[in-house]
Amino acid sequence: MVETITAERLRDMIDADEEFVLFDTRSPDSFEDWHIAEARNVEYSGDDDELVGDLDPDVIGDDDTVVTICATGNSAGKFAQFLEDEGYVSEAKSVEGGMEAWSMVYDEVPIATENDDLVVVQLQRRSKGCLGYLVGSKRAGEAALVDVTRATDAFLDAAAERGLEITRILDTHIHADHISGGRRLADRLGVPYHLGAPAETRDPEFEFDPIEPNDAVELGDVEIKAVHTPGHTTGMTSYLVDDEALLTGDTLFVESIGRTELQFADADARDGARIQYETLHRTIMTEPNDVKILPGHFSVTDDGEYVDVTPGQPMFSTVGYIWENNEILRLPEDEFVDHMFENLPSKPPNYERVIATNAGEYEPEDADEETELELGPNRCAATEESAVADD
């Protein structure tokens, strides 16, 4: 009898360095596009219930635990049964919900703060590299959510576990690689949904509560100040939390810099890079050296490898550290612009439809279409040689 396990259990097995063999039964093309780093590809047809790819039995040791995964859990479960029936293993496990479930696995990571009243929790979507935040005040019992994804329960649970009432929801910008859950959750909770006022330059087809540059919203004594940081997009707004941490969205990451050509296309593309340069040098890098940089993404390769970060651990840097260690930041402006366009990664999958969804111009038919639009990593960092990020 095949045992099913959750995607969260698979995460825990990986993090604990448990010994097991992970088989991914999707087509080779789907596997190459995006897979878990530890996985081996053996195609198995769920419809025909037969082995399509080649299975090397030597990769399975006598005492190995075997785990199977596919797109949604169907073919992987049948492959696990095949392995048992054919005597390859005495017992196999299958991941319930497959890669769709894996794409929604979150790690909840507290960020240490100097202000005892301040709560900052980083919510890490490990398959795509999306980072969202809970910012709250213990004394006021209030919280704001920043860059909420469709996995709204992960954000709600983080607030509930700390006894905080969600009173505001914010997005740093109109995202290109994942569907924001911010507006939908704000409507559900009956709380304001905020974007920086410059987001009007993206012509969103919905109403929101704008925060003007340098204005702030408050959670008791905790202040969240809007800092206009254009470059990735014209409407990109970072949020300075109590002068301790800057939530930089897709402007600046721990290990890379946000790309600019997704909005600033063709003849204007280099203008976007120059705007990004100005933002980095005249806004973000003028903050005190000890201000934490809390980005909107971390980098996951198509092979499921994490770049310069460890899921489940805090992902942040400081202004001073980034200035000393990111050589691209210290390039002269013209060299910076050239570098941005000599090292561009591929564009995020379905990014035009995702942007249209987040701008209120397009409504996916159902949750299945939303999942399909989001599948795959955001390719946040292009390569180790490039400091240009993707989303």
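How many bridges join strand S15 (residues 216-219) to S16, and do the two strands run parallel or antiparallel? In this predicted model, 4 bridges join S15 to S16, and the two strands run antiparallel.

**View 1. The hairpin of S15 and S16.** Strands S15 and S16 form a hairpin that has 2 residues between them. Gly220 lies in the turn of this hairpin and has a positive phi of about 60°. Within the ladder of 4 bridges that joins the two antiparallel strands, Val217 has Ile224 in S16 as its bridge partner.

**View 2. The pairing of S16 with S17.** Strand S16, which covers residues 222-228, pairs with S17 in the antiparallel sense, and this pairing extends over 5 bridges. Two of the partnerships can be followed residue by residue: Ala226 has Tyr239 in S17 as its bridge partner, while Val227 is partnered by Ser238, also in S17.

**View 3. The hairpin of S17 and S18.** Strand S17 also pairs with strand S18 (residues 245-249), again in the antiparallel sense, and here the pairing extends over 3 bridges. Val241 stands opposite Ala245 in S18. The hairpin of these strands has 3 residues between them, and Asp242 takes a positive phi near 50° in this hairpin.

**View 4. The enclosure of strand S17.** Strand S17 spans residues 237-241, and because 5 of its 5 residues are buried, the strand is largely enclosed by the rest of the structure. Buried here means under 20% relative accessible area. Thr237, Tyr239 and Val241 point one way from the strand, whereas Ser238 and Leu240 point the other way, and all of these residues are buried. Among them, Ser238 and Tyr239 are the bridge partners of Val227 and Ala226, respectively, and Val241 is the residue opposite Ala245.

**View 5. The cavity and its lining.** A search of the whole structure finds 1 cavity of 30 Å³ or more, and the space in the largest cavity comes to about 40 Å³. The residues that line the largest cavity are His173, Ile174, Ala176, Arg202, His232, Thr233, Leu262, Gln263 and Ile355. By class, this lining has 4 nonpolar, 4 polar and 1 charged residues. Ile174, Ala176, Leu262 and Ile355 of the lining count as nonpolar, and Arg202, also in the lining, counts as charged.

Methods:
Residues are numbered from 1 along each chain as its sequence is written. This is a predicted model: local features need pLDDT of at least 70, side-chain atom pairs count only at pLDDT 80 or more; totals for chains, interfaces and linings use all residues. Side-chain values use heavy atoms; hydrogens and water are left out. On a 1 Å grid over the protein atoms alone, a cavity is a set of points where a 1.4 Å probe fits but cannot get out, and a pocket is an open set with protein on both sides within 12 Å along at least five of seven lines; lining residues have an atom within 4 Å of a point. Grid points are joined across faces, edges and corners, and a volume is the space filled by probe spheres set on the points. Buried means under 20% relative accessible area, exposed over 50%, partly exposed in between (1.4 Å probe, protein chains only). Two strands pair if DSSP finds at least two bridges between them.
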